[in-house]
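Hello,

Here is the structure you asked to look through. My notes on what was found in it come after the display.

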Amino acid sequence: MNKKEANEIKKLFTPANCAISRICGCYVDAEKNKRTEVKEAFLSLPEEEAFKYFAIFRSGLSGTIGKNMVNMEFPLHTEAEDGTQNFLLKLRDSQLKDDALIEEFYDKVIASYDYGENFYIILIHCAYDIPARSSDGLEMDDASDFVYEFIQCSVCPVKLSKAGLCYNSESNVIENRSRDWIVEAPDTGFLFPSFNDRNTDIHSLLYYTKNPEQMPERLIDELLGCVIPMSAKSQKETFQALVEETLGDNCDFETVKNLHENLNEILEETKDEPAPFTLDKYQMKRLLENNGASQEKLEEFEQRYSENEEASVPPFIASNVVNTRSFEIKTTDVSIKVAPDKTYLVENRMIDGRPCIVIGISEHVEINGITVRPIAADRTMEPEE
(Lines give C-alpha, C1' and ligand atoms only; values in the text may rest on other atoms or scores of the structure.)
Protein backbone atom coordinates (compact mmCIF):
# COMPACT_ATOMS: atom_id res chain seq x y z
CA MET A 1 0.00 0.00 0.00
CA ASN A 2 1.11 3.55 -0.62
CA LYS A 3 0.28 6.73 1.28
CA LYS A 4 -2.61 7.60 -1.01
CA GLU A 5 -4.28 4.23 -0.48
CA ALA A 6 -3.72 4.42 3.28
CA ASN A 7 -5.34 7.87 3.35
CA GLU A 8 -8.34 6.56 1.39
CA ILE A 9 -8.96 3.93 4.08
CA LYS A 10 -8.28 6.48 6.81
CA LYS A 11 -11.25 8.53 5.54
CA LEU A 12 -13.54 5.64 6.46
CA PHE A 13 -12.84 6.33 10.13
CA THR A 14 -15.04 9.42 10.21
CA PRO A 15 -18.74 9.89 11.02
CA ALA A 16 -19.61 10.83 7.44
CA ASN A 17 -17.89 7.86 5.78
CA CYS A 18 -17.93 5.22 8.51
CA ALA A 19 -17.69 1.70 7.07
CA ILE A 20 -17.14 -0.10 10.40
CA SER A 21 -19.72 -2.81 10.98
CA ARG A 22 -18.49 -4.40 14.22
CA ILE A 23 -16.01 -3.77 17.04
CA CYS A 24 -14.47 -6.22 19.51
CA GLY A 25 -12.07 -5.39 22.31
CA CYS A 26 -10.18 -7.10 25.11
CA TYR A 27 -8.54 -5.30 28.04
CA VAL A 28 -5.47 -7.19 29.31
CA ASP A 29 -3.59 -6.45 32.54
CA ALA A 30 0.18 -6.56 33.10
CA GLU A 31 -0.05 -10.25 34.14
CA LYS A 32 -1.72 -11.06 30.79
CA ASN A 33 -5.13 -11.69 32.34
CA LYS A 34 -8.24 -10.75 30.33
CA ARG A 35 -10.08 -8.21 32.48
CA THR A 36 -13.02 -7.25 30.26
CA GLU A 37 -14.26 -7.65 26.67
CA VAL A 38 -16.38 -5.71 24.19
CA LYS A 39 -18.39 -7.18 21.30
CA GLU A 40 -21.00 -5.06 19.55
CA ALA A 41 -22.11 -3.27 16.41
CA PHE A 42 -19.98 -0.16 16.01
CA LEU A 43 -22.94 2.09 15.18
CA SER A 44 -24.52 1.23 18.55
CA LEU A 45 -21.72 3.06 20.40
CA PRO A 46 -22.45 6.50 21.90
CA GLU A 47 -21.30 9.27 19.57
CA GLU A 48 -18.54 10.61 21.85
CA GLU A 49 -17.15 7.12 22.38
CA ALA A 50 -17.18 6.42 18.62
CA PHE A 51 -15.25 9.64 17.98
CA LYS A 52 -12.48 8.52 20.34
CA TYR A 53 -12.29 5.14 18.60
CA PHE A 54 -12.06 6.90 15.21
CA ALA A 55 -8.96 8.75 16.46
CA ILE A 56 -7.35 5.45 17.49
CA PHE A 57 -8.07 3.79 14.13
CA ARG A 58 -6.70 6.77 12.19
CA SER A 59 -3.53 6.67 14.32
CA GLY A 60 -3.00 3.11 13.09
CA LEU A 61 -2.72 4.50 9.55
CA SER A 62 -0.44 7.43 10.32
CA GLY A 63 3.24 8.17 9.86
CA THR A 64 5.49 7.31 6.94
CA ILE A 65 5.25 4.36 4.56
CA GLY A 66 8.39 2.28 5.08
CA LYS A 67 8.87 3.52 8.65
CA ASN A 68 5.65 3.54 10.70
CA MET A 69 3.54 1.77 8.07
CA VAL A 70 5.28 -1.30 6.71
CA ASN A 71 4.01 -3.49 3.88
CA MET A 72 4.48 -7.17 4.72
CA GLU A 73 3.87 -10.21 2.57
CA PHE A 74 2.80 -13.68 3.70
CA PRO A 75 5.11 -16.61 2.92
CA LEU A 76 3.31 -19.28 0.90
CA HIS A 77 3.13 -21.77 3.79
CA THR A 78 1.06 -19.32 5.91
CA GLU A 79 -1.82 -19.69 3.43
CA ALA A 80 -2.22 -23.40 4.20
CA GLU A 81 -5.19 -24.59 6.29
CA ASP A 82 -3.39 -24.17 9.61
CA GLY A 83 -1.37 -21.08 8.56
CA THR A 84 -1.46 -17.60 10.05
CA GLN A 85 -2.78 -15.94 6.88
CA ASN A 86 -5.54 -18.52 6.62
CA PHE A 87 -6.52 -17.84 10.24
CA LEU A 88 -6.75 -14.08 9.61
CA LEU A 89 -8.82 -14.73 6.49
CA LYS A 90 -11.29 -16.83 8.52
CA LEU A 91 -11.45 -14.06 11.12
CA ARG A 92 -12.22 -11.46 8.45
CA ASP A 93 -14.79 -13.65 6.70
CA SER A 94 -16.57 -14.26 10.03
CA GLN A 95 -17.22 -10.48 10.23
CA LEU A 96 -16.14 -10.82 13.89
CA LYS A 97 -19.27 -12.78 14.77
CA ASP A 98 -17.51 -16.05 15.63
CA ASP A 99 -16.74 -15.85 19.36
CA ALA A 100 -14.39 -18.84 19.30
CA LEU A 101 -12.25 -17.28 16.55
CA ILE A 102 -12.13 -13.94 18.37
CA GLU A 103 -11.05 -15.57 21.64
CA GLU A 104 -8.38 -17.52 19.78
CA PHE A 105 -7.13 -14.28 18.24
CA TYR A 106 -6.95 -12.59 21.67
CA ASP A 107 -5.04 -15.58 23.06
CA LYS A 108 -2.54 -15.44 20.21
CA VAL A 109 -1.93 -11.71 20.74
CA ILE A 110 -1.59 -12.07 24.53
CA ALA A 111 0.81 -15.01 24.22
CA SER A 112 3.11 -13.32 21.67
CA TYR A 113 3.00 -9.65 22.72
CA ASP A 114 5.79 -8.91 25.21
CA TYR A 115 4.68 -5.61 26.70
CA GLY A 116 4.73 -5.92 30.51
CA GLU A 117 1.97 -3.38 31.18
CA ASN A 118 -1.80 -3.10 30.68
CA PHE A 119 -3.03 -2.95 27.07
CA TYR A 120 -6.26 -2.97 25.08
CA ILE A 121 -6.69 -5.08 21.92
CA ILE A 122 -9.21 -3.56 19.50
CA LEU A 123 -10.45 -5.41 16.43
CA ILE A 124 -12.85 -3.95 13.86
CA HIS A 125 -14.49 -5.26 10.69
CA CYS A 126 -15.21 -2.94 7.76
CA ALA A 127 -16.76 -3.25 4.31
CA TYR A 128 -15.87 -0.49 1.84
CA ASP A 129 -17.67 -0.05 -1.49
CA ILE A 130 -14.73 1.13 -3.58
CA PRO A 131 -15.81 4.08 -5.73
CA ALA A 132 -14.74 3.85 -9.36
CA ARG A 133 -12.59 6.68 -10.69
CA SER A 134 -12.91 8.55 -13.94
CA SER A 135 -9.96 9.04 -16.28
CA ASP A 136 -9.19 12.39 -14.60
CA GLY A 137 -9.05 10.79 -11.13
CA LEU A 138 -12.46 11.90 -9.85
CA GLU A 139 -14.39 9.44 -7.69
CA MET A 140 -17.78 8.24 -8.95
CA ASP A 141 -19.73 7.25 -5.83
CA ASP A 142 -22.52 5.61 -7.81
CA ALA A 143 -20.10 3.38 -9.75
CA SER A 144 -18.72 0.75 -7.41
CA ASP A 145 -17.73 -2.67 -8.77
CA PHE A 146 -15.78 -4.05 -5.79
CA VAL A 147 -16.07 -4.23 -2.01
CA TYR A 148 -12.95 -4.11 0.12
CA GLU A 149 -13.68 -6.14 3.25
CA PHE A 150 -11.02 -5.93 5.95
CA ILE A 151 -10.16 -6.06 9.62
CA GLN A 152 -7.95 -3.68 11.57
CA CYS A 153 -6.25 -4.55 14.83
CA SER A 154 -4.95 -1.86 17.22
CA VAL A 155 -2.97 -2.69 20.36
CA CYS A 156 -3.10 0.30 22.70
CA PRO A 157 -1.26 0.90 25.98
CA VAL A 158 -3.56 1.55 28.97
CA LYS A 159 -1.86 3.80 31.49
CA LEU A 160 -2.86 5.53 34.71
CA SER A 161 -3.42 9.26 34.28
CA LYS A 162 -1.05 11.62 36.08
CA ALA A 163 -1.80 12.76 39.61
CA GLY A 164 -2.78 16.40 39.97
CA LEU A 165 -5.32 18.98 41.06
CA CYS A 166 -8.53 19.85 39.25
CA TYR A 167 -11.43 22.28 39.51
CA ASN A 168 -14.75 20.82 40.69
CA SER A 169 -17.43 23.02 39.10
CA GLU A 170 -20.23 21.56 41.26
CA SER A 171 -18.59 22.36 44.60
CA ASN A 172 -16.59 25.30 43.21
CA VAL A 173 -13.33 24.10 44.74
CA ILE A 174 -9.85 23.01 43.67
CA GLU A 175 -9.34 19.41 44.73
CA ASN A 176 -7.34 16.25 44.12
CA ARG A 177 -8.07 14.75 40.70
CA SER A 178 -9.16 11.14 40.50
CA ARG A 179 -6.73 9.03 38.50
CA ASP A 180 -8.15 6.93 35.66
CA TRP A 181 -6.82 4.23 33.36
CA ILE A 182 -6.49 5.90 29.95
CA VAL A 183 -6.47 4.08 26.59
CA GLU A 184 -3.69 5.71 24.57
CA ALA A 185 -2.96 5.79 20.84
CA PRO A 186 -1.87 2.40 19.47
CA ASP A 187 1.71 1.23 19.82
CA THR A 188 1.23 -1.37 17.12
CA GLY A 189 -1.40 -2.97 14.89
CA PHE A 190 -2.19 -4.07 11.36
CA LEU A 191 -4.66 -3.83 8.49
CA PHE A 192 -5.59 -7.08 6.71
CA PRO A 193 -5.84 -7.66 3.81
CA SER A 194 -3.84 -4.91 2.12
CA PHE A 195 -5.58 -2.33 -0.07
CA ASN A 196 -3.14 -2.57 -2.98
CA ASP A 197 -3.98 -0.86 -6.28
CA ARG A 198 -7.27 0.15 -4.61
CA ASN A 199 -8.41 -3.45 -4.23
CA THR A 200 -8.12 -6.48 -1.95
CA ASP A 201 -4.76 -8.24 -1.71
CA ILE A 202 -5.07 -11.21 0.65
CA HIS A 203 -1.37 -12.07 0.23
CA SER A 204 -0.15 -9.07 2.21
CA LEU A 205 -1.00 -6.71 5.07
CA LEU A 206 -0.06 -3.23 6.26
CA TYR A 207 1.66 -3.26 9.63
CA TYR A 208 1.73 -0.20 11.93
CA THR A 209 4.28 0.60 14.61
CA LYS A 210 4.58 3.79 16.61
CA ASN A 211 8.32 3.22 17.06
CA PRO A 212 9.93 1.77 13.89
CA GLU A 213 13.02 0.69 15.83
CA GLN A 214 11.05 -1.35 18.38
CA MET A 215 9.04 -3.74 16.22
CA PRO A 216 7.47 -6.58 18.28
CA GLU A 217 9.23 -9.36 16.36
CA ARG A 218 7.65 -12.21 18.29
CA LEU A 219 4.13 -10.87 17.71
CA ILE A 220 4.76 -10.46 13.98
CA ASP A 221 6.35 -13.89 13.67
CA GLU A 222 3.85 -15.91 15.72
CA LEU A 223 0.58 -14.05 15.12
CA LEU A 224 1.07 -12.93 11.51
CA GLY A 225 3.82 -15.19 10.19
CA CYS A 226 5.18 -12.39 7.99
CA VAL A 227 8.81 -11.71 7.17
CA ILE A 228 9.86 -8.46 8.87
CA PRO A 229 11.47 -6.05 6.39
CA MET A 230 14.65 -4.24 7.33
CA SER A 231 13.88 -1.28 9.62
CA ALA A 232 14.53 2.31 8.52
CA LYS A 233 17.57 2.52 10.82
CA SER A 234 18.98 -0.79 9.56
CA GLN A 235 18.42 0.29 5.95
CA LYS A 236 20.40 3.47 6.59
CA GLU A 237 23.25 1.62 8.32
CA THR A 238 23.41 -1.04 5.58
CA PHE A 239 23.34 1.61 2.85
CA GLN A 240 26.15 3.58 4.52
CA ALA A 241 28.32 0.45 4.87
CA LEU A 242 27.63 -0.50 1.25
CA VAL A 243 28.65 2.97 0.02
CA GLU A 244 31.85 2.94 2.08
CA GLU A 245 32.83 -0.54 0.90
CA THR A 246 31.96 -0.04 -2.77
CA LEU A 247 33.53 3.42 -3.16
CA GLY A 248 36.64 2.37 -1.25
CA ASP A 249 39.42 4.97 -1.64
CA ASN A 250 37.03 7.14 -3.67
CA CYS A 251 34.79 7.63 -0.64
CA ASP A 252 35.94 11.21 -0.08
CA PHE A 253 34.20 14.44 0.92
CA GLU A 254 33.19 15.64 -2.55
CA THR A 255 31.98 12.21 -3.68
CA VAL A 256 29.70 11.69 -0.67
CA LYS A 257 28.44 15.26 -0.96
CA ASN A 258 27.55 14.64 -4.62
CA LEU A 259 25.85 11.36 -3.71
CA HIS A 260 23.79 13.16 -1.06
CA GLU A 261 22.80 15.83 -3.59
CA ASN A 262 21.85 13.17 -6.19
CA LEU A 263 19.54 11.42 -3.73
CA ASN A 264 17.91 14.65 -2.60
CA GLU A 265 17.28 15.61 -6.23
CA ILE A 266 15.61 12.25 -6.83
CA LEU A 267 13.43 12.65 -3.72
CA GLU A 268 12.44 16.16 -4.78
CA GLU A 269 11.46 14.94 -8.26
CA THR A 270 9.39 12.04 -6.85
CA LYS A 271 7.88 13.79 -3.80
CA ASP A 272 4.39 13.85 -5.34
CA GLU A 273 4.41 10.14 -6.17
CA PRO A 274 2.10 8.11 -3.88
CA ALA A 275 4.68 5.35 -3.33
CA PRO A 276 8.08 6.12 -1.79
CA PHE A 277 11.03 6.01 -4.19
CA THR A 278 12.98 2.76 -3.80
CA LEU A 279 16.60 2.14 -4.73
CA ASP A 280 16.83 -1.31 -6.29
CA LYS A 281 19.94 -3.15 -7.48
CA TYR A 282 20.26 -1.32 -10.79
CA GLN A 283 19.64 2.15 -9.35
CA MET A 284 22.15 1.54 -6.54
CA LYS A 285 24.81 0.39 -9.02
CA ARG A 286 24.23 3.40 -11.28
CA LEU A 287 24.37 5.76 -8.29
CA LEU A 288 27.68 4.28 -7.13
CA GLU A 289 29.11 4.11 -10.64
CA ASN A 290 28.27 7.77 -11.28
CA ASN A 291 30.02 8.70 -8.04
CA GLY A 292 33.39 7.09 -8.64
CA ALA A 293 33.12 3.39 -7.75
CA SER A 294 35.83 1.33 -9.48
CA GLN A 295 35.00 -1.52 -11.82
CA GLU A 296 36.46 -4.02 -9.35
CA LYS A 297 34.28 -2.69 -6.52
CA LEU A 298 31.21 -2.69 -8.77
CA GLU A 299 31.82 -6.35 -9.55
CA GLU A 300 31.93 -7.07 -5.81
CA PHE A 301 28.69 -5.14 -5.48
CA GLU A 302 27.13 -7.33 -8.20
CA GLN A 303 28.08 -10.43 -6.25
CA ARG A 304 26.15 -9.13 -3.25
CA TYR A 305 23.04 -9.16 -5.43
CA SER A 306 23.58 -12.64 -6.80
CA GLU A 307 20.59 -14.96 -6.78
CA ASN A 308 21.76 -16.70 -3.62
CA GLU A 309 22.28 -13.50 -1.65
CA GLU A 310 19.62 -11.18 -3.05
CA ALA A 311 17.54 -11.37 0.12
CA SER A 312 20.52 -10.17 2.21
CA VAL A 313 20.65 -6.76 0.47
CA PRO A 314 17.03 -5.69 -0.10
CA PRO A 315 15.93 -2.54 -1.94
CA PHE A 316 16.33 0.66 0.07
CA ILE A 317 13.59 3.27 0.53
CA ALA A 318 15.46 6.44 -0.45
CA SER A 319 13.93 8.59 2.30
CA ASN A 320 15.25 6.08 4.87
CA VAL A 321 18.88 6.32 3.76
CA VAL A 322 19.36 10.05 3.18
CA ASN A 323 18.69 12.94 5.54
CA THR A 324 16.38 15.29 3.65
CA ARG A 325 16.45 17.90 6.41
CA SER A 326 20.16 18.54 6.73
CA PHE A 327 23.62 17.76 5.40
CA GLU A 328 25.61 16.76 8.47
CA ILE A 329 29.39 16.68 8.80
CA LYS A 330 31.05 15.23 11.90
CA THR A 331 34.64 15.11 13.07
CA THR A 332 35.93 13.96 16.45
CA ASP A 333 35.43 17.41 17.94
CA VAL A 334 33.09 19.33 15.61
CA SER A 335 29.60 18.79 14.17
CA ILE A 336 28.24 20.91 11.31
CA LYS A 337 24.71 20.89 9.90
CA VAL A 338 23.84 22.55 6.59
CA ALA A 339 20.49 22.86 4.79
CA PRO A 340 20.36 20.11 2.11
CA ASP A 341 20.00 22.67 -0.70
CA LYS A 342 23.00 24.69 0.55
CA THR A 343 25.72 22.05 0.33
CA TYR A 344 27.58 24.24 -2.17
CA LEU A 345 28.53 26.45 0.78
CA VAL A 346 30.71 23.69 2.21
CA GLU A 347 34.06 22.79 0.67
CA ASN A 348 36.99 20.54 1.51
CA ARG A 349 40.34 22.33 1.11
CA MET A 350 43.99 21.97 2.04
CA ILE A 351 45.09 25.00 4.07
CA ASP A 352 48.70 25.21 5.27
CA GLY A 353 49.07 21.52 4.57
CA ARG A 354 46.01 20.49 6.62
CA PRO A 355 42.66 19.18 5.28
CA CYS A 356 39.96 21.67 6.32
CA ILE A 357 36.20 22.09 6.01
CA VAL A 358 35.52 25.60 4.68
CA ILE A 359 32.04 27.13 5.01
CA GLY A 360 30.95 30.14 2.99
CA ILE A 361 29.05 32.57 5.22
CA SER A 362 26.63 35.43 4.66
CA GLU A 363 26.77 38.84 6.29
CA HIS A 364 24.73 37.61 9.28
CA VAL A 365 26.61 35.41 11.74
CA GLU A 366 25.64 34.49 15.30
CA ILE A 367 27.63 32.77 18.03
CA ASN A 368 25.51 31.52 20.93
CA GLY A 369 22.84 34.04 19.96
CA ILE A 370 25.24 36.98 19.72
CA THR A 371 25.49 38.68 16.33
CA VAL A 372 29.13 39.04 15.30
CA ARG A 373 31.00 40.49 12.36
CA PRO A 374 31.70 37.78 9.77
CA ILE A 375 35.30 39.03 9.34
CA ALA A 376 37.31 40.15 12.33
CA ALA A 377 38.35 43.80 12.37
CA ASP A 378 41.93 44.48 11.27
CA ARG A 379 44.31 44.55 14.15
CA THR A 380 47.75 46.05 13.98
CA MET A 381 50.22 43.56 15.28
CA GLU A 382 52.62 44.99 17.85
CA PRO A 383 56.22 44.27 16.92
CA GLU A 384 57.99 41.82 19.17
CA GLU A 385 60.74 43.29 21.34
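To begin with one residue: leaving aside neighbours within four places in sequence, D29 is in contact with R35, E117 and N118. Please keep in mind that this is a predicted model.

D29 and its loop

D29 sits in the loop that links β1 to β2 (34-41). Is D29 buried or exposed? Its relative accessible area is 7%, and buried means under 20%, so D29 counts as buried. A polar atom of the D29 side chain also lies 2.9 Å from the backbone nitrogen of N33.

The strand before that loop, β1, covers residues 20-28. Strand β1 runs antiparallel to β4, and 8 bridges join the two. Within this pairing, C24 stands opposite L123 in β4. Strand β4 spans residues 119-133 and is mostly covered, with 11 of its 15 residues buried.

The whole protein

How many helices and strands does the protein have? The secondary structure comes to 10 helices and 20 strands. The radius of gyration is 27 Å, while the globule rule gives 21 Å for 385 residues; the computed value is well over that, so the protein is more spread out than a compact globule. The C-alpha trace spans about 95 × 70 × 50 Å along the principal axes.

Of the 385 residues, 37% are buried. The protein exposes about 22,800 Å², and carbon and sulfur atoms supply 48% of that area. If you take the contacts between residues at least 6 apart in sequence, 63% of them join residues at least 24 apart.

Helix α1

Helix α1 consists of residues 3-10, and its buried residues are E5, A6, E8 and I9. Why do these residues line one face of the helix? Seen down the axis of α1, they fall within an arc of 155 degrees, so they line one face. At the start of α1, a side-chain oxygen of N2 comes to within 3.1 Å of the backbone nitrogen of K4.

Helix α5 and what surrounds it

Helix α5 is made of residues 217-224. Which residues of α5 are buried? They are L219, I220, L223 and L224. These residues cover an arc of only 95 degrees around the axis, which puts them on the same side of α5. What do they pack against? Their partners are β3, α3, α4 (99-112), β9 (188-192) and β12 (204-209).

The face of α5 turned away from the buried side carries the exposed residues E217 and D221. For E217 the relative accessible area is 56%. The cut-off for exposed is over 50%, so E217 counts as exposed. Between E217 and T84 there are 15 Å in space, C-alpha to C-alpha, and the two are 133 residues apart in sequence.

After α5 comes G225, which has a positive phi, near 75 degrees. G225 also comes up in connection with another glycine, G83: their C-alpha atoms are separated by 8.0 Å, although the two residues are 142 apart along the chain.

G83 belongs to the loop between β3 (69-73) and α3 (84-93). With a relative accessible area of 9%, G83 is buried. Apart from neighbours within four places in sequence, G83 is in contact with H77 and T78.

K257 in helix α7

The last residue to look at is K257, which is part of helix α7 (residues 253-269). Is K257 buried or exposed? Its relative accessibility is 6%, so K257 counts as buried. The K257 side chain reaches the backbone oxygen of V346 at 2.9 Å. V346 is also one of the residues in contact with K257, along with F327, T343 and Y344, when neighbours within four places in sequence are left aside.

If you open the model, you could start with α5: find L219, I220, L223 and L224 on its buried side, and then turn to E217 and D221 on the face turned away from them.

Regards

Methods:
Residues numbered from 1 in each chain as written. Predicted model: local features only at pLDDT ≥ 70, side-chain atom pairs only at ≥ 80, totals over all residues. Heavy atoms only, no water. Buried < 20%, exposed > 50% of the residue type's maximum accessible area, 1.4 Å probe, protein only. Helix = DSSP H or I, 4+ residues; strand = E, 2+ residues; numbered from the N terminus. Arc of directions from axis to C-beta. Polar contact = N/O pair within 3.5 Å; in protein donor to acceptor, adjacent residues only side chain to side chain. Rg over C-alpha atoms; globule rule 2.2 N^0.38 Å. Contact = heavy atoms within 4.5 Å. Areas by Shrake-Rupley, 256 points an atom, 1.4 Å probe, with all protein chains shown as cover. Pairing = 2+ DSSP bridges.
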